[in-house]
Each structure stands twice: as structure tokens, then as C-alpha cells.
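Visitor: I would like a close look at a single part of this structure. Please take me through one strand and what surrounds it.

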Amino acid sequence: MKSCERRLNPRYLLPIPLSFRAYELDSADSEISTRTINNSRSGLFLKSPHRLQVGSKLSLNLRVPTEISGSAFSQLRCRGRVVREEVLSDGTSGYGVELEQLASPPYLPGTSEGTWNSSRV
């Protein structure tokens with residue numbers, strides 16, 4: 001029996017460096033650095049050294065590679081929600097994150113905030 005693929009956007013197996021904050025973690029003031037395992041226009045899958053709960057809200061900062069952005073350094077800030085957890089082959093946990101909001105550069109001087117797009121990604 002074939003599994004039903006629910007994704008609307010294609011996935012890309014491209015590891016992108018990112019940092020994130022999970023609002024529910026005790027260490028909410030510190031950013032966690034990791035990489036994506038795969039990406040799409042509407043979400044991503046990441047590996048985390050900390051356990052996240054499905055439904056957790058995240059603030060993410062992705063460092064987009066030159067091959068995609070066309071510039072030497074490009075950042076994308078977004079907000080997302082953990083929609084699934086998966087135990088990976090090495091015993092660690094990976095998380096599917098649905099992107100909910102994107103911040104448009106330029107970011108305000110002295111902050112990491114841009115103009116948030118209120119529509120869903």
C-alpha cells in the first residue's frame with residue numbers, strides 16, 4: 001500500500017545552518033544552533049539536541065546559502081510550529097516545522113526583527 005504524500009511543496013535535501021529559540025524551553029533566552037535536514041517553501045525538518053513538543057512555537061534564523069540567495073550572506077528570519085517528531089537512525093530526534101511567518105529584510109538596526117508578514121507561508 002502506498003503512503004499518501006500530503007506536501008504541497010517539493011522538499012530539497014539541502015542542509016542549511018540555522019539557529020532557533022523554542023518558547024517553551026527553560027533556556028528560552030539562548031539560541032540553539034543546528035542544520036536543516038530538508039527544506040521546502042512551507043516548512044523544514046531539523047535535528048535538535050533538545051526535546052521539543054509537537055505544537056511548540058519557534059523563532060528561526062536561517063543562513064541561506066549563496067547558491068540559493070545569490071549573495072554572499074543572506075539571512076531569513078521566520079516563525080514556525082513543530083508539527084511532528086521523528087526518531088532518527090542515530091537515535092537523536094528530528095522535527096518537522098511548519099513555517100507560519102517570514103520577516104522581510106531589511107532588519108531594524110540593532111535588532112534581529114524585520115517586518116513580519118502576517119499571512120501564512
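How many bridges join E1 to E4, and in which sense do the two strands run?

Guide: E1 and E4 run antiparallel and are joined by 5 bridges. Two strands count as paired if DSSP finds at least two bridges between them. The names come from DSSP runs numbered from the N terminus, with at least four residues for a helix (H or I) and at least two for a strand (E). This is a predicted model, in which local features need pLDDT of at least 70 and side-chain atom pairs count only at pLDDT 80 or more, while totals for chains, interfaces and linings use all residues. Residues are numbered from 1 along each chain as its sequence is written, and side-chain values use heavy atoms, with hydrogens and water left out.

The chain has 1 helix and 7 strands, in the order β-β-β-β-α-β-β-β along the sequence.

Start with the pairing of E4. On the E1 side, Arg 21 has Ser 59 of E4 as its bridge partner. E4 also pairs with E5, in the antiparallel sense, over 8 bridges. There, Leu 58 stands opposite Gly 80 of E5.

Next comes the cover over E4. Of its 8 residues, 6 are buried; buried means under 20% relative accessible area, exposed over 50%, and partly exposed in between (1.4 Å probe, protein chains only). For the chain of 121 residues, the buried share is 34%.

E4 also supplies at least two residues of the largest nonpolar core, as do E1, E3, E5 and E6. Such a core is a set of buried Ala, Val, Leu, Ile, Met, Phe, Trp, Tyr and Cys residues joined through side-chain atoms within 4.5 Å. This one has 16 residues, and those that touch the most other members include Leu 58, Leu 60, Leu 62 and Val 97. Val 97 is in contact (heavy atoms within 4.5 Å) with residues beyond its neighbours within four places in sequence, among them Leu 58, Leu 60 and Gly 80.

Just ahead of E4, Ser 56 lies in the loop between E3 and E4. Ser 56 is buried, because its relative accessible area is 4%. Its side chain reaches the backbone oxygen of Gln 53 at 2.8 Å. That is a polar contact: a pair of N or O atoms within 3.5 Å, where, within protein, one must be able to donate a hydrogen and the other to accept it, and residues adjacent in sequence count only if both atoms are side-chain atoms. Not counting residues up to four places away in sequence, Ser 56 touches Glu 24, Gly 80, Arg 81 and Val 82.

Finally, the charged residues. Side chains of opposite charge can pair when their charged atoms come close. A salt bridge puts a side-chain nitrogen of Lys or Arg within 4 Å of a carboxyl oxygen of Asp or Glu, and the whole structure holds 7 of them. One of these joins Lys 57 to Glu 100, with the closest N and O atoms 3.2 Å apart. Lys 57 is in strand E4 and Glu 100 in strand E6, 43 residues apart. Lys 57 is partly exposed at 35% relative accessibility, whereas Glu 100 is buried at 12%. Glu 100 also forms a salt bridge with Arg 81, the closest N and O atoms being 3.0 Å apart. Arg 81 lies in strand E5 and Glu 100 in strand E6, so this pair ties together parts 19 residues apart in sequence. Through shared partners, salt bridges join Lys 57, Arg 81, Glu 98 and Glu 100 into one network.
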